Amino acid sequence: MAKIVFEAVTKTFPTKGKKSRRSKGEFTALDGIDLEIEAGEFVVVVGPSGSGKSTLLDLLGGLTRPTSGRILLDGEPVTGPGLDRGIVFQQYALLPWRTALGNIEFGLEATGVPRRERTARAREFLDLVGLTGFEDRHPHELSGGMRQRVAIARSLAYDPDVLLMDEPFAALDAQTRESLQDELRRIWQRTGKTVVFITHGIEEAVYLGQRVAVMTSRPGRVKEVVPVSLGIRGAGATGEDLRSSPEFARQRHEIWTLLHDEVARAQRLEKEEATV
């Protein structure tokens, strides 16, 4: 049985104010999502703006409920948030009055881990994300990339089975983003977590994912799931070599082709709605 199963998942939201002729008072974010993700798999979801990528992650995180259909985790319906899922957002959401170590300890406090054990575990995960020596730094004393490392360590520290990541590197500069992509793959290979990663970036999707789920423009559906066959990144080849390889270019073009028409359709919809 797959670790995560989306079965005919639809999510609608009521529209505000005057009813839209198209939606009749409802906005359909996701429409009939079917997707299976295996344990330990790294799946990336890409799609145009408004395709429901973040809504899909919110549903899996239990932050909202589907309008119809169901989501299964280890065969059980997802009905709300749980410690079996860790979430990393684009915004770091660190507590400014706590140190890096204190931020990682925060989630462990909530689960009742004894003080000595949680400090040791927080140090272990600071080391995992390469921040040994920065234990006593507050968020304002850390770079954006370092803050995101702390956020990742905080999500991993209480040992969730699944790591959900919503465009976590989008606000970072290109060099830091590529460095953290390498770091995230290293962490994934070391921990064996199941990862669901949302991004707008086609190159990021190809570099990180074992499979890439391409979403349609709204209402969001899974247009195609593309397997990525680039081997083990970082083993015997630098990230630069991989990103410049012919196979990387071929797979990037395949996903770009799938997205191209969807992006154009999303832009047409925006123009039409702006004139209504």
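Reader: In this predicted model, which residue of β8 is the bridge partner of F42?

Author: The partner of F42 in β8 is V195, and this pair belongs to a set of four bridges that join strand β3 (residues 42-46) to β8, the two strands running parallel.

Reader: With which sense, and over how many bridges, do strand β7 and β8 pair?

Author: Strand β7 (residues 162-166) pairs with β8 in the parallel sense, over five bridges, and within that pairing M165 has F197 as its bridge partner in β8. Between these two strands the chain passes through helix α5 (residues 174-191), and the resulting β-α-β crossover is right-handed.

Reader: How should I read the directions of the side chains along a strand such as β8, and which of its residues point which way?

Author: The general idea is that side chains in a regular strand alternate between the two faces of the sheet. In the present case T194, V196 and I198 point one way from β8, whereas V195 and F197 point the other way, and all are buried.

Reader: Why is β8 described as largely enclosed by the rest of the structure?

Author: Buried stands here for under 20% relative accessible area, and five of the five residues of β8 (residues 194-198) are buried, so the strand is largely enclosed by the rest of the structure.

Reader: Which residues have the most contacts inside the largest nonpolar core?

Author: They are F197 and I255, in a core of 49 residues, to which helix α4 (residues 144-157) gives the most, with six residues. There is also a second, separate core, of 22 residues, which includes V45, L59, V162 and I198.

Reader: What is F197 in contact with, once its neighbours within four places in sequence are left aside?

Author: With those neighbours set aside, the contacts of F197 include F42, V43, V44 and V45, together with M165, P168 and F169, and also L184, E204 and L208.

Reader: Turning to the other sheet, in what order do the four strands of the open sheet lie, and is their pairing parallel or antiparallel?

Author: The order is β2-β1-β4-β5 and the pairing is antiparallel, with β2 (26-37) and β5 (76-77) as the edge strands, each of which pairs on one side only. Inside this sheet, strand β1 (residues 4-14) is joined to strand β4 (residues 68-73) by five bridges, and V5 stands opposite L72 in β4.

Reader: Which strands does helix α1 lie across, and at what angle to β1 does it run?

Author: Helix α1 (residues 53-61) lies across β1, β2 and β4, and its direction makes about 115° with that of β1.

Notes. Residues numbered from 1 in each chain as written. Predicted model: local features only at pLDDT ≥ 70, side-chain atom pairs only at ≥ 80, totals over all residues. Heavy atoms only, no water. Core = buried A, V, L, I, M, F, W, Y, C linked by side-chain atoms within 4.5 Å. Buried < 20%, exposed > 50% of the residue type's maximum accessible area, 1.4 Å probe, protein only. Contact = heavy atoms within 4.5 Å. Pairing = 2+ DSSP bridges. Axes fitted to C-alpha atoms, helices over the stretch in contact; angles between N-to-C directions. Right-handed = clockwise from strand over helix to strand, strands pointing away.
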